[in-house]
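Good morning, colleagues. Please take a moment with the sequence and the structure before I begin.

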Amino acid sequence: MARNKEGLILLVDVGPTMHSVLPEIQKVCSLLIQKKLVYSKYDEVGVVVFGTEDTKNDLTKEVGGYEHVTVLQPIKVVDGDLVDVMQQLPRGTVPGDFMDAIVVGMDMLIKKYQETIKGTKEDQVYTIAEQMAAHGMKIDCIVFKGNQIHDTHDSIIKENDMLLSIFSKKTKAKAVRVESSTSLLGALRTRNISPVTIYRGDLELSSTFKIKVWVYKKTSEEKFPTLKKYSDKAPSTDKFATHEIKIDYEYKSVQDPSKVVPPEQRIKGYRYGPQVIPISSAELEAVKFRPEKSVKLLGFTNASNIMRHYYMKDVNIFIADPGNKKAIIAVSALARAMKEMNKVAILRCVWRQGQTNVVIGVLTPNVSENDNIADSFYFNVLPFAEDIREFQFPSFSNLPASVQPNSEQQEAADKLVMMLDLAPAGKEEALRPDFTPNPVLERFYHHLELKSKHPDAAVPPLDATLKRITEPDPEVISQNKLVIDEFRRCFDLKENPKLKKSTRRLLRDRTSGSFGGEVVKNEGRSTDLVTSTSTVKVETIGDSTPVPDFEAMISRRDSPEWVSKAIFGMKNKVFDLVENSYEGDTYPKALECLVALRRGCVIEQEPKQFNNFLHHLYRFCQEKDLSSFCEFLASKDITLITKTEAEDSEIAEGDARSLFVKAEPNSSK
Amino acid sequence: MDMDPDDVFRDEEDDPENDLYQERQASKELLVYLVDASPKMFNITCPGEDQKNESHFHVAVSCIAQFIKVQIINRPYDEIAICFFNTREKKNLQDLNGVYVFNVAEREHLDNLTARFIREFDCVEESFNKLIGSEYGIVSGSRDNSLYNAFWVAQALLRKGSAKTADKRILLLTNEDDPFGNIKGVTKLDMARTTLQRAKDAQDLGISIELLPLSRPNEEFNVSLCYADLIGLDGDDLAQFMPLAGERFEDMKKQLRKRMFKKRKVRRITFMIASGLSIELNTYALIRPTAPGTITWLDSVTNLPLKAERSFICADTGALVQEPPKRFQIYKNEEIKFSTEELSEIKRVSTGSLRLLGFKPLSCLKDYHNLRPSTFVSPSDEEVMGSTCIFIALHRSMIRLKRFAVAFYGSSARPQLVGLVAQDEIVDAGGQLEPPGMHMIYLPYSEDIRLIEELHSETTGNMPSATEDQIQKATALMKRVDLRDFSVCQFANPALQSHYAVVQALALDEDEMPEINDETLPDEEGMARPGIAKALEEFKVSVYGENYDEENENTAQGKANAASKKRKVASEDALVKCAYYDWPKLADDGKLKDLTVQELKYYVTAHKLPVAGKKEALISRILTHMGK
């Protein structure tokens, strides 16, 4: 098998106890296939389900037995059909035996990639494990434990756990236990990235004592896929059109834009006050800081000296050279001593020869709890003196008495911090990063699949399981309703009346409809620093005066983008207002914004923008239990933009109110 | 490394994320330093390095000198003026007594910093007595008021530029808390009144006046005597005002440096604690990697600045296209198109605010739960009153109960789970070390975490682990090599410092390139001290036995041999293969491009040239090597 190519069998228990989570399993497994379709198109996947009424597999034909195991999909290169197979897993009727399924899965893999081995002693876990190790197979088990487990099953669970633990001792196997459907989505690695070391060499405790180590990345952000830019210039008859867009850069003199300078004639300039100092790459090469490749110990220090918020980047992991027993012991001794003494080590690292900077970082012990996994270290980069801004903030104790919480308030806060507990004793820690999937990526792949079937499919709403990541768990909230209500009662929040008046006055004074200096500072990135001494224009929709901001923005004529920017900004504003409302307190303001948006869309002849948005908003409110807002809108007579108002609209006069008529029965329930 | 197109024009999708990393330079700052040069500034001293006493004046001037060196690189658009008051000589446009505006040739009084200005300010102290002189300007009998004059000059300097696009600040450094102390009666009141009026006028014009008072030993700077009114402090603000105290020169310098930074918030966000209960927070980027300044591309012939123009070209037809509104992803052999709105809708999994999800014990926050530098949050009552109170209550509870909050931060760039870790204020003689507030730590998703530990797990038995004795030896070593006062920001970045030094040297036309002292190297001498050497040796022997050196050498040699052998074989092979081709002829006929990269590599390997790069790079390397 080629490196980086993976053969994978998915074994899914579809027995009756699993029915409640099968939708999640379908989701996560199809995501896995989808990611393969995007990132590793040549991987091969097979699907086996067990716990089914029927039996269909090769082994049962060849040697008999292996009942209730069905091969849904023999192993093959990933394609779109596989996604469909995963989304329609059958519901089984009998409790499945995972041992049988493992053997069937193994057999499929062996047959695919090796000569067939006949007559395996299928009953013995040890043999299976040895076989797996011999063939370089890995097994990942994800065990889902719902809350509904009955006592009678205890002995079976124990036996299964025992069998699984033999697996993880004897093979490269891993068993993960999860309790919630959200962690189930996160527990399966949907994309297999083969790890590469960023450094192999010595960890120098001193010039005479060196330990051989390998360094890998422990965390690294999985980015949103980079989509290519689409060009529709190619004729539709051209079957081989790539539709890609190339980007060309030309360098022109600022003084004389007609003069094009070839790239090799350029030279880098660094600003030093008003001067720009040209430095050729040769010069730069000659004077550049070039440390030797090495990882050196500077010393140990108390763990409390390094605060958590100084960690700068993604995390690396130091493991001892796996082939070097002495190094493994040395790392283990250091890690255990550091843990015992509560110390950390400070290192200076230059990972590669020719690297032009050094990295200072902290090594923290990672003592393994598993006998067959070696001890290791985590490495976090620390800031240099230049990277820190030492702003001063007032001490809380020096603040006026009016903002100091009294004892009742403090008690309410204590309770909230205690009770809104995500890691209750005896239960699974909720939202553990290791088991929490990225909702944006899940949603993108979901949408991608929908679009592959219907090119016009709308963006799907965020799945309920994923909402547990972006929003508080309603169960936790309802359990702690008393605590939260008490907290809300103890504290008094109100909008600052002083500020409102003054900003309003300020706004009226400025004819250009401009905005507070504050926002310009934060948002006005695009304004040229040197030239923008004249008027400052509205570039965002602010909190205090959204409607005038929107009107100013949409009527700007210095770029055609402003219309869409204004509309986009206003949509967000409305969402914010509706979602942040408490018992409808922000509804009137949201309505004002919506009316302004509607007016703007009619004037700019962008009816679709508004109509789609209104539909979307309506759906959004239904999802978020905010249907009171829909009622509110219906009562205020907000309608879709009709064909008579704007040419492009597809809404006939009579249908303008259709949205809310439909809404009535829903919202009344 | 040629990477400018990416640097200058990033994909608009990545943009918001960049904000986090770069300090915003959207607004420039006009800044006037007013430095008291009265004899009192010279007389009062504090103990400095090497037991030498340093005057307050020296503290002030050296801080400014240090600060402007950073400023010229980080904020080159800022305009600076430095005025001394209570001087013997006068130099200012208004020709007022007792005020001396320090400047160099080819520069306006309030202007961008230049290399020359920095160099000359470095030695201002040496010639101070000769050129400027110190003389207290408020004496009975004369109507002169040097403080008043100083404000007048500063205000006149700051008349330049619009208050909308620039922050205008006056920084006043003095150790005299009662400037009119030696004047009596009506004159005193009158002087105080006119000075106050002057300051008020300046503030009405949008100029903020900040006071950096230097306390005398054993006597705190009394702000309420005169300056409280002047800089507009009342009631609560006065209580918050922290005069610069500190016995030691280093402490004073540290505090002064912190005060000179203008506090800039990144943005204001809402923190939703429960539905209908949202407080307002300001976020600050306290820790961000500093880059060596932006690159301006120049024409190497004329040294004039260039601008890059980007054009989109359709790969199929070669036609110029406008910025395309659609993106696509190949999926199931089809092009699936997405509009920009759809993409931003996908990313919009929550509103832009920070939403509380719950609390966890601090032990749940592992060392590998990190992706990016943290962001500091501090409460603000500016729009929602009561935010600070709630924040303080939660902050105290979290510290006491050793818990952190988990929240979802729905930023448009990367909506993410974050941990909010409460940090108590830490103060020492050098001022505030850690400000009170919470640090927002960006947590990874399961997709971002890699399971490296299991990669090399042992399948045939247990992993060797250290014995009790070996751990003991390691512990002993740790006690020896203890960096007791380690603080995270004690090292300057040697790469950055050397870059700055080079730019500075070139700007000032200095011939010699400066040597940069790399502070990050380990203390070899210290490590060789007998105690440490012994502890190291004992640990080494306990793990490796007596023959550590031999063993290590063997493995090292073995590896080197294998690698070098392989390389040798490859180059011999290349030499043979290279001879098959008639390189000069191929080059002359322009046929090099018809060869494969593999074939081209025979030439470069045989001639010991670098083998990296694309085909074009290889060809041009070969041509250069042949001298064509």
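**The largest cavity and its surroundings**

About 240 Å³ of space lies in the largest cavity. Please keep in mind that this is a predicted model. In total, the count comes to 13 cavities of 30 Å³ or more.

Which residues sit closest to the centre of the largest cavity? Of the 19 that line it, they are A:Arg443, A:Phe620, A:Glu623, B:Glu345 and B:Arg348. By class, the lining holds 9 charged residues, 7 nonpolar and 3 polar.

Let me turn to where this lining comes from. In chain A, α18 and α20 (607-623) each supply at least two of the lining residues. The largest share, 4 residues, belongs to α20(A). In terms of domains, at least three lining residues are drawn from domain 3 (438-492) of chain A, and at least three from domain 4 (534-663) of that chain.

Helix α18 brings me to another element of chain A, α17. This helix, residues 546-554, is mostly covered, with 7 of its 9 residues buried. The buried residues are A:Pro546, A:Val547, A:Asp549, A:Phe550, A:Ala552, A:Met553 and A:Ile554. What do they pack against? Their partners are α18 (561-579) and α19 (587-603) of chain A.

I now move to a sheet that contains strands of both chains. It is an open sheet of 4 strands, in the order β10(A)-β9(A)-β12(B)-β13(B), and the pairing is antiparallel. At the edges stand β10 (260-261) of chain A and β13 (320-321) of chain B; each has a single partner strand, so one side of each is left without a neighbour in the sheet. How many bridges join β9 of chain A to β12 of chain B? There are 9, between residues 245-253 of chain A and residues 306-314 of chain B, and these two strands run antiparallel. Within this pairing, A:Glu250 stands opposite B:Glu309 of β12(B).

My last topic is backbone geometry in chain B. Most residues other than glycine have a negative phi. Against that background, B:Asn86 has a phi near 65°, a positive value, and B:Asp95 likewise has a positive phi, near 55°. Where do they lie? B:Asn86 is found in the loop between β4 (79-85) and β5 (99-102) of chain B, and B:Asp95 is also placed in the loop between β4 and β5. Is B:Asn86 buried or exposed? Its relative accessibility is 2%, and therefore B:Asn86 counts as buried, the cut-off being under 20%.

Thank you for your attention.

Methods:
Residues are numbered from 1 along each chain as its sequence is written. Chains are lettered from A and ligands numbered from 1 in the order in which they are written. This is a predicted model: local features need pLDDT of at least 70, side-chain atom pairs count only at pLDDT 80 or more; totals for chains, interfaces and linings use all residues. Side-chain values use heavy atoms; hydrogens and water are left out. Buried means under 20% relative accessible area, exposed over 50%, partly exposed in between (1.4 Å probe, protein chains only). Contact means heavy atoms within 4.5 Å. On a 1 Å grid over the protein atoms alone, a cavity is a set of points where a 1.4 Å probe fits but cannot get out, and a pocket is an open set with protein on both sides within 12 Å along at least five of seven lines; lining residues have an atom within 4 Å of a point. Grid points are joined across faces, edges and corners, and a volume is the space filled by probe spheres set on the points. Ala, Val, Leu, Ile, Met, Phe, Trp, Tyr, Cys and Pro count as nonpolar, Asp, Glu, Lys and Arg as charged, and the others, Gly among them, as polar. Domain bounds come from an automatic or database domain assignment. Two strands pair if DSSP finds at least two bridges between them.
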